[in-house]
Amino acid sequence: MESALRSVRHAGSCSSPPKRESDSLMGPHFLSSDSRRGLGGERGGCSRLRRGMGLGCLRNASKAALRRWRRGGPRARPPISQRGLGVGAPGVSETPPTFGFLFDIDGVLVRGRHVIPAAQEAFRKLLDSNGQLRVPVVFVTNAGNCLQHVKAQELSDALGLKVSPEQVILSHSPLHLFHQFHEKCMLVSGQGPVEENARNVGFQNVVTIQDVRKAFPLLDMVDQSRRPKELPPPTTDFPTIEGVILFGEPVRWETSLQLIIDVLLSNGNPGAELAAVPYPHIPVLACNMDLLWMAEAKMPRFGHGTFLVCLENIYKKVTGRELKYEALIGKPSIVTYQYAEYLIKQQVERRGWPSPICRLYAVGDNPMSDIYGANFYNRYLKAACQARAQAEVKRSVGVADPQSEDHSEPKEDWYVSLESCKSILVCTGVYSPHGDVPADPHESTVETVFHGHRDFRFDTSLLEASYVVQDVNEAVELVFEKENWSQE
Ligand SMILES: [Mg+2]
């Protein structure tokens, strides 16, 4: 897994010659469940990922990019005077982008069912005269109670451009990579098309909360009106559940909380008499850790993170032990940003842009998911860069010594392009500056109450946005200015 995802990010370099990648670099985001207090405090990620359908694609994409690199080598950036000319400029074609955008959706582009006007303005700047995006863009949302192509269509309608499903990352999209669970019997929780979503990311054998409730009607007893009137015959042919996927907040929380706990306590056989409580319990994968989210109401609404708080506390109260996650997916998890980077590079390949993407700008309204996640990924990129430099020094020393020279073939993963992931906080959603946009973002974006997940350390420095702007249009203008791109 590590080598596969490592190869995602090797499509060339913007500013420096190819360097050797250190194998030790890529660890922080794939911490084992016991190393949860490591870098940035994230745990889990995908420590047990193996090569799956997604990984093969990642490796192939990287190889193609590498071949292009070897043919053409790194392209020097043109002088500023020649950069950023819009496609409308007569006789001048636009310079290939070396940066891309990650846009959150709710609170940045839309509020509930209503598009934020600044988003339409922003996308007019992002499109060329042919209606094509001038730079790579992916939409990264922690929403998950919908289908990818439906979300893409909603965005297309709202923003006035054709958004493809491949540009949309829902909270569960990185589950594509969790190949080792795809053939297991998984209980899925959430609302909306959870079964279809599970199938779309590779799971072939799923049961729902409703299936469990129907098979074991004596388990769901909170709502007296839904209790069975007569004693049902026992169910004997229900499959053993081997794992749980928490896609998003369900309806009827009491039912889902009760049945998920039952499944964990019974080792996947909720109809059985309770023996010793198994620990560790069967694997749990959770998508979307947002405690709150912003819709049309003036106050934030409960998100899936709130449901997880309930589940974790009930499990601990009942068993005396911590609920463990096999993986936490969705922002601010690193694996989500890696997946976004992979999709950005796919776009670059499809469009035939010759330059590698060096800088990402992540625009969001939620300090705890959007800003924390982007900063966490940026920290990871910096650590990787530093370790690469150290590995390069060691390699240079080794080359000077014939006894220790490495004569093996160069590895593909010498080539690294992405240098940074900057966070941009907008004030059209969850975050409210309570007044004008502050001059010093360090004073304004630090939350005093930690809304992040239990397994993330409260690192206040990761809540500080690189930039704070009023809305997404200002965010695009800011980035274009920094990249010396024209606004038209
Ligand atoms: Mg948001």
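**Exercise 1. Identify the residue of strand 12 that is the bridge partner of C287, and describe the strands around it.**

Solution. In strand 12, C287 has I329 as its bridge partner. The model examined here is predicted.

Step 1. Strand 12 covers residues 327-329 and runs parallel to strand 9, to which three bridges join it.

Step 2. Strand 9 (residues 284-287) also pairs with strand 8 (residues 243-246), again in the parallel sense and over three bridges. Here L285 of strand 9 stands opposite I245.

Step 3. In a regular strand, side chains alternate between the two faces of the sheet. In strand 9, V284 and A286 lie on one side, L285 and C287 on the other, and all four are buried. Both faces of strand 9 are therefore covered.

**Exercise 2. Determine which handedness the unit of strand 8, helix 7 and strand 9 has, and examine its helix.**

Solution. Step 1. The three elements make a right-handed β-α-β unit.

Step 2. Helix 7 has 13 residues, so at 1.5 Å a residue the expected span is 18 Å. The end C-alpha atoms of helix 7 are 18 Å apart, which agrees.

Step 3. The buried residues of helix 7 are T255, S256, L257, Q258, L259, I260, V263, L264 and L265. They pack against strand 6 (186-189), helix 6 (209-215), strand 8 and helix 8 (304-319).

Step 4. Just after helix 7 comes N267, with a positive phi of about 60°.

**Exercise 3. State in what order the six strands of the open sheet are arranged, and trace their pairing.**

Solution. Step 1. The order is 5-4-1-13-14-15, with parallel pairing. Strand 5 (168-169) and strand 15 (467-469) are the edge strands, since each pairs on one side only.

Step 2. Strand 1 (residues 99-103) and strand 4 (residues 137-140) are parallel and share three bridges. Within this pair, L102 stands opposite V138 of strand 4.

Step 3. Helix 9 (residues 334-351) packs on the sheet, where it touches strand 1, strand 4, strand 5, strand 13 (359-364) and strand 14 (420-426). The direction of helix 9 makes about 150° with that of strand 4.

Step 4. Strand 1 is joined to strand 13 by five bridges, in parallel; F101 has Y361 of strand 13 as its bridge partner.

Step 5. Strand 13 also runs parallel to strand 14, with six bridges between them. In this pair, V363 stands opposite I424 of strand 14.

**Exercise 4. Explain why strand 13 is described as largely enclosed.**

Solution. A residue counts as buried if 20 or more other C-beta atoms lie within 10 Å of its own. Five of the six residues of strand 13 are buried, so this strand is largely enclosed by the rest of the structure.

**Exercise 5. List which residues of helix 12 are buried, and name elements that cover them.**

Solution. Step 1. In helix 12 (residues 472-482), V472, N473, E474, A475, V476 and V479 are buried.

Step 2. Their cover includes helix 3 (117-126), strand 13, strand 14 and strand 15.

Step 3. N484, just after helix 12, takes a positive phi of about 60°.

**Exercise 6. State how many helices and strands the chain has, and describe the chain as a whole.**

Solution. Step 1. There are 12 helices and 15 strands in the chain.

Step 2. Of the 488 residues in the chain, 44% are buried.

Step 3. Among contacts with a separation of 6 or more, 77% are between residues 24 or more positions apart.

Note on methods: Residues are numbered from 1 along each chain as its sequence is written. This is a predicted model: local features need pLDDT of at least 70, side-chain atom pairs count only at pLDDT 80 or more; totals for chains, interfaces and linings use all residues. Two strands pair if DSSP finds at least two bridges between them. Helices (H or I, at least four residues) and strands (E, at least two) are DSSP runs, numbered from the N terminus. Two residues are in contact if their C-beta atoms, placed from the backbone, lie within 7 Å. Axes are lines fitted to C-alpha atoms, for helices over the stretch in contact, and angles run from 0 to 180 degrees between N-to-C directions. A residue is buried if 20 or more other C-beta atoms lie within 10 Å of its own, exposed if 12 or fewer, and partly exposed in between; C-beta atoms are placed from the backbone. A crossover is right-handed if, with the strands pointing away from the viewer, the path from the first strand over the helix to the second runs clockwise. The expected span of a helix is 1.5 Å times one less than its number of residues.
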